[in-house]
Amino acid sequence: MTEGILVGVTVVFVAITLIQYWSQPSWWVRGWDFPKLQVGALLLVLLLVQLLLLDFSNRWNLLLPPVTLGCLAYQWWWIRPYTPLVRCEVDWADPNDDGPRIRILSSNVLTPNRHADRLIALVRRYQPDVLVALETDHWWDEQLQVLSDDYPYCIRCPLDNLYGMHVFSRLPLEHQRLSFLVQDNIPSMHARLRVNDELGVRMHFLHPTPPSPTENDESTERDVELLIVGRSVKQTDEPVIVSGDLNDVAWSPTTRLFRKISGLLDPRIGRGMFNTFHAQYRFLRWPLDHFFHSAHFRVARIERLADIGSDHFPMFIELQYDRRHASEQHSLEADAADRARMQQKVAQEPASKDDVPRP
């Protein structure tokens with residue numbers, strides 16, 4: 001009886017791993033990209049149980065641990081970069097360097113959440129140069145007005161569809177644009193952050209739709225938005241930061257393709273997963289809120305912040321501009337197969353890199 005259960009459970013995990021490997025755009029398949037950490041933990045438990053309870057005098061049982069170990073290795077391959085076991089993709093900032101620094105706080109507030117005071121308290125405490133608030137409606141627009149004195153530069157788009165967005169900045173936002181790149185009800189924001197007379201940083205704030213049965217049966221729109229922004233920023237040698245809730249985990253094939261196409265760096269590589277969703281379920285958390293940036297920056301500080309009553313934790317990052325050492329940091333490189341995948345995805349929507357504002 002026990003052996004039969006273990007065989008059945010092993011078959012289930014093999015099926016999950018194969019679904020992940022041959023992931024397609026459908027939401028129920030792509031959703032299995034998310035819980036690689038949880039699936040890996042369960043596979044480790046399964047492997048230990050197999051070693052303890054299986055009767056290995058039955059030669060067929062000898063196959064189960066290697067199969068389970070292979071599935072575990074596949075999960076580990078994807079999540080290992082987001083552990084301290086690999087070298088950081090972005091170097092730590094030199095505390096003795098006086099290069100300009102940029103502090104960004106990004107928070108998906110959850111539209112029905114009425115604890116604006118908690119987010120405002122975090123802003124007062126961490127003093128970001130830029131605040132990105134997602135899922136903001138008109139109520140949140142009113143509550144966040146208290147920040148206007150300290151953050152006089154703002155792009156507002158309050159919406160009742162869970163895709164409202166606000167960007168507040170204490171530094172000038174030049175050439176600011178509100179765009180609807182792929183879907184006419186899903187905004188994105190773009191601006192040049194004027195740090196000082198010599199330094200302007202191209203900023204892109206995104207919140208594409210996730211693959212889900214209720215919102216978006218496929219992930220096409222999300223993938224296209226990420227990829228056209230990635231293609232756009234690849235064409236500049238200026239400092240770039242892309243931030244937001246991308247509704248995709250850090251280790252997914254789409255996010256990895258975005259990193260290759262854009263040439264941007266992920267400051268979490270070698271530092272941790274920084275799981276931001278779901279804030280209320282400790283064992284069902286994934287990294288959905290992202291910062292990507294060009295090699296012009298090094299990391300001075302990166303943190304997941306306290307619960308504000310949303311289903312997402314806020315994220316905070318402090319980046320130091322260090323152009324002198326930009327050549328020492330290297331992003332993933334796209335090959336011919338990656339470019340072909342990108343072209344295939346982008347061709348599914350009437351949008352292109354030329355639609356992305358270049359502030």
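Which residues does Phe 292 touch, not counting residues up to four places away in sequence? The list is Val 240, Ile 241, Val 242, Leu 246, Thr 255, Phe 258, Arg 259, Leu 264, Leu 265, Asp 266 and Arg 268, where a contact means heavy atoms within 4.5 Å. Before going on, keep in mind that this is a predicted model, in which local features need pLDDT of at least 70 and side-chain atom pairs count only at pLDDT 80 or more, while totals for chains, interfaces and linings use all residues. Residues are numbered from 1 along each chain as its sequence is written, and side-chain values use heavy atoms, with hydrogens and water left out.

Back to Phe 292. This residue sits in strand S9, residues 289-293. Helices (H or I, at least four residues) and strands (E, at least two) are DSSP runs, numbered from the N terminus. Phe 292 is buried, at a relative accessible area of 1%; buried means under 20% relative accessible area, exposed over 50%, and partly exposed in between, with a 1.4 Å probe and protein chains only. Measure along the sequence and Ser 262 is 30 residues from Phe 292, yet their C-alpha atoms are 9.5 Å apart in space.

Ser 262 brings us to helix H8. Of the 10 residues in H8 (residues 253-262), 9 are buried, so the helix is largely enclosed by the rest of the structure. The buried set is Pro 253, Thr 254, Thr 255, Leu 257, Phe 258, Arg 259, Lys 260, Ile 261 and Ser 262. Just after H8 comes Gly 263, which takes a positive phi of about 75°. Go on into the loop between H8 and S9 and you'll meet His 278; the peptide bond leading from Phe 277 to His 278 is cis, with omega near 10°.

Now zoom out to the whole chain. The protein chain has 9 helices and 11 strands. For 359 residues, a compact globule would have a radius of gyration near 21 Å, and the chain's 22 Å agrees with that; the radius is taken over C-alpha atoms, and the globule rule is 2.2 Å times the number of residues to the power 0.38. Along the principal axes, the C-alpha atoms fill a box of roughly 75 × 45 × 45 Å. Some 58% of the 359 residues count as buried. Among contacts with a separation of 6 or more, 70% come from residues 24 or more positions apart.

What's inside? The largest nonpolar core has 33 residues, and those with the most contacts inside it are Ile 102, Ile 104, Leu 193, Val 201, Phe 205 and Ile 241. A nonpolar core here is a set of buried Ala, Val, Leu, Ile, Met, Phe, Trp, Tyr and Cys residues joined through side-chain atoms within 4.5 Å. Several strands each supply at least two residues of this core, including S1 (101-108), S6 (188-194), S7 (200-206) and S10 (297-304). S11 gives the most, with 4 residues. Take Ile 104 as a way in: leaving out residues up to four places away in sequence, Ile 104 touches Pro 128, Val 130, Val 132, Met 203, Ile 241, Phe 291, Met 315, Phe 316 and Ile 317. Apart from the largest core lies another one, of 21 residues, among them Leu 181, Val 233, Leu 246 and Phe 258.

Next, the loop between S10 and S11, where you'll find Pro 314. Pro 314 is buried, at a relative accessible area of 0%. Its contacts, again not counting residues up to four places away in sequence, are Leu 105, Ser 106, Ser 107, Leu 122, Glu 303, Arg 304, Leu 305, Ala 306 and Ile 308.

A couple of backbone oddities are worth a click. Glu 135, in the loop between S2 and helix H6 (138-143), has a positive phi near 65° in a residue other than glycine. His 175 has a positive phi too, near 50°, and is found in strand S5, residues 173-179. Are these two buried or exposed? Glu 135 is buried, with a relative accessible area of 9%, whereas His 175 counts as exposed at 57%.

Last stop: Gly 70, in helix H4 (residues 64-79). This glycine is partly exposed, at 40% relative accessible area.
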